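Thanks for making time this morning; I would like to walk you through one model, going from the strand pairing to the core and then to the surface. Please keep the sequence and the structure open while I talk.

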Amino acid sequence: QTNLIVNGINGETKIILSDVQGRILNTINAKPVSGTIEQTIDLNNIAKGVYYIRIQNSDINRTQKLIVK
């Protein structure tokens, strides 16, 4: 598993885990506490490789690379 911490977020936020082909593997709806989202993402059923985590709400749409070893 991995821990995702995002600061400076307001409002309900969607966290989307996808593979390099763009297939969505998991979607999490998170609500920030004091402007911070702390979310644990379970990677037990995820094969080794490169994935993307997209964080989006009405204010932000950001994608980060996640490498599972």
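Let me begin at one pair of residues: Ile15 has Ile28 as its bridge partner in β3, and on the other strand that concerns us, β5, the bridge partner of Ile15 is Ile55. Strands here are DSSP runs of E with at least two residues, numbered from the N terminus, and two strands count as paired if DSSP finds at least two bridges between them.

Before going on, I should say that this is a predicted model, in which local features need pLDDT of at least 70 and side-chain atom pairs count only at pLDDT 80 or more, while totals for chains, interfaces and linings use all residues. Residues are numbered from 1 along each chain as its sequence is written, and side-chain values use heavy atoms, with hydrogens and water left out.

Now to the sheet itself: it is open, has 4 strands in the order β3-β2-β5-β6, and its pairing is antiparallel. The edges are taken by β3, residues 24–30, and β6, residues 61–68, and because each has a single partner strand, one side of each is left without a neighbour in the sheet. From one strand to the next the twist averages 20 degrees, with axes taken as lines fitted to C-alpha atoms and angles running from 0 to 180 degrees between N-to-C directions.

Going through the pairs in turn, β2, residues 13–19, runs antiparallel to β3 over 6 bridges, and one of the partnerships there is Ile16 with Thr27. The hairpin of these two strands has 4 residues between them, and Gly22 takes a positive phi near 90 degrees in that hairpin. On the β5 side, β2 is joined by 6 bridges, again antiparallel, and β5 in turn pairs with β6 in the antiparallel sense over 8 bridges, these two forming a hairpin with 4 residues between them.

What about the interior? The largest nonpolar core, meaning a set of buried Ala, Val, Leu, Ile, Met, Phe, Trp, Tyr and Cys residues joined through side-chain atoms within 4.5 Å, has 17 residues, and those with the most contacts inside it include Ile15, Leu17, Ile53 and Leu66. Two or more residues each come from β1 (2–7), β2, β3, β4 (36–41), β5 and β6, with β5 giving the largest share, 3 residues.

Turning to the surface, Val20, Val50 and Ile67 form a nonpolar patch with about 240 Å² of accessible area together. For a patch of this kind, residues need over 30% relative accessible area and no salt bridge, and nonpolar side chains (Val, Leu, Ile, Met, Phe, Trp, Tyr) are joined within 5 Å; the areas come from the Shrake-Rupley method with a 1.4 Å probe. Val50 lies in β5, residues 49–56, its bridge partner in β6 is Ile67, and at 33% relative accessibility Val50 counts as partly exposed, given that buried means under 20%, exposed over 50%, and partly exposed in between.

Finally, how many salt bridges does a search of the whole structure find? The search finds 1, where the criterion is a side-chain nitrogen of Lys or Arg within 4 Å of a carboxyl oxygen of Asp or Glu. Asp19 forms a salt bridge with Arg23, with the closest N and O atoms 2.7 Å apart, and Asp19 counts as buried at 8% relative accessibility. By contrast, Lys69, in the segment after β6, counts as exposed at 80%.

Note on methods. Patch = residues over 30% accessible without salt bridge, like charges linked within 9 Å, V, L, I, M, F, W, Y side chains within 5 Å. Buried < 20%, exposed > 50% of the residue type's maximum accessible area, 1.4 Å probe, protein only.
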